[in-house]
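Student: Could you take a close look at one part of this model, a loop residue and its surroundings, and then work outwards from there to the rest of the chain? I would like one connected account.

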Amino acid sequence: MRTVLVCVKTPQAGQKISACATRMGLAQAVKSVEGSPELFIELGRRQVDVVLVDVALAAPDPVKFVKTVRTRSPRTGVLLSGAADPRTAAMVVAAGARGVIRTPSNNSDDLLVALAQAIMFASPSLQRVTETVPRQRSTLQGMKLTERELQVLRGMSEGKSNAEIGRDLFVSEDTVKTHARRMFRKLGARDRAHAVAEAFRSGLVC
């Protein structure tokens, strides 16, 4: 089975990735590795749909990193995540990366949202895997989000923090959290990444 390969900094981050993938029904399709050496070893073992790497782990030269991945595994898409400046983002895309997922605060929630976006970006074969996994909730049909909940969801899909979403919507961070909790409940989602994945899959955001 092809995979989304996530390059992480710590074992704890890898555990979060595994737990998130399990909730999405993609435990067999998502794998984490610690650091770029393990990443390249894994790329030599199997075909990978998408590699997701924090910009900091692609240092000191993200452009060279992207070119190396593309040379060793030409069919693998490369997505970077993190607070890359516009110039760096443009350079890595020019080098062959599919894009840079903005994650300004560089915390675990950002990584999980980036994972959800990477999964949605990967080949449709990964999305079909989820169709064979029994869901623990009803389908999204009939589940109507309020306009404010949709705005919060869109902000999350863009990698924004609760504080940033609040500033955009002119509401407090606590208000954003309240809308998020209601939205999670309606989507049957346990966290940001799960909510964003469901939103992409159902067409609520694109």
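**From a buried loop residue to the cores and helices**

Tutor: Leaving aside neighbours within four places in sequence, Leu145 is in contact with Leu150, Leu153, Met183, Lys186, Leu187 and Leu204. The model is a predicted one, and within it Leu145 sits in the loop that joins α6 (124-131) to α7. Although it belongs to a loop, Leu145 has a relative accessible area of 14%, and because the cut-off for burial is under 20%, Leu145 counts as buried. One of its partners, Met183, is 38 residues away along the chain, yet the two C-alpha atoms are separated by 6.7 Å.

Met183 leads directly to the interior, since together with Val6 it has the most contacts inside the largest nonpolar core, a set of 40 residues. At least two residues of this core are supplied by each of β1, α1 (11-23), β3, α5 (108-121), α7 (147-157), α8 (162-169), α9 (173-187) and α10 (192-202). Of these elements, α5 gives the largest share, namely seven residues. The core also draws on both assigned domains, with at least three residues from domain 1 (4-126) and at least three from domain 2 (147-202).

The helix α9 also holds His179. With a relative accessibility of 15%, His179 is counted as buried, and, when residues up to four places away in sequence are set aside, it touches Arg148, Glu149 and Val152. A further relation links His179 to Thr146, for the two are 33 residues apart in sequence while their C-alpha atoms are 9.0 Å apart in space.

On the side of Val6, the contacts beyond four places in sequence are with Ile17, Val30, Lys31, Ser32, Val33, Leu52, Leu111 and Leu115. Apart from the core to which Val6 belongs lies another core, of 20 residues, which includes Cys7, Val51, Val55 and Val78.

Ile17, one of the contacts of Val6, is also among the buried residues of α1, the others being Ala13, Gly14, Cys20 and Ala21. Viewed down the axis of α1, these buried residues fall within an arc of 125°, and they therefore line one face of the helix. With 13 residues, α1 reaches 19 Å from its first C-alpha to its last, which is close to the 18 Å expected at 1.5 Å a residue. Just after this helix, Gly25 adopts a positive phi of about 80°.

In α2 (residues 35-45), the buried residues are Gly35, Leu39, Phe40, Glu42 and Leu43. Down the axis of α2 they fall within an arc of 170°, so here too the buried residues line one face of the helix. The face turned away from this buried side carries Pro37, Gly44 and Arg45, which are exposed. The cover over the buried residues of α2 includes β1 (3-8), β2 (30-34), β3 (48-54) and α3 (62-72).

Helix α4 (residues 86-94) has Thr88, Ala89 and Val92 as its buried residues. Around the axis they cover an arc of only 100°, which puts them on the same side of α4. Pro86, Arg87 and Ala94 are exposed on the other side. The buried residues of α4 pack against α3, β4 (77-82) and β5 (99-102), and α4 is followed by Gly96, whose phi is positive, near 125°.

Set against the protein chain as a whole, these local views belong to a structure with ten helices and five strands. Buried residues make up 50% of its 206 residues. Of the contacts with a separation of 6 or more, 72% are between residues 24 or more positions apart, and the pair Leu145 and Met183, at 38 residues apart along the chain, gives an instance of such a contact. The accessible surface of the protein chain comes to about 10300 Å², with 51% of that area belonging to carbon and sulfur atoms.

Definitions and conventions: Residues numbered from 1 in each chain as written. Predicted model: local features only at pLDDT ≥ 70, side-chain atom pairs only at ≥ 80, totals over all residues. Heavy atoms only, no water. Buried < 20%, exposed > 50% of the residue type's maximum accessible area, 1.4 Å probe, protein only. Helix = DSSP H or I, 4+ residues; strand = E, 2+ residues; numbered from the N terminus. Arc of directions from axis to C-beta. Contact = heavy atoms within 4.5 Å. Core = buried A, V, L, I, M, F, W, Y, C linked by side-chain atoms within 4.5 Å. Domains from an automatic or database assignment. Expected span 1.5 Å × (residues − 1). Areas by Shrake-Rupley, 256 points an atom, 1.4 Å probe, with all protein chains shown as cover.
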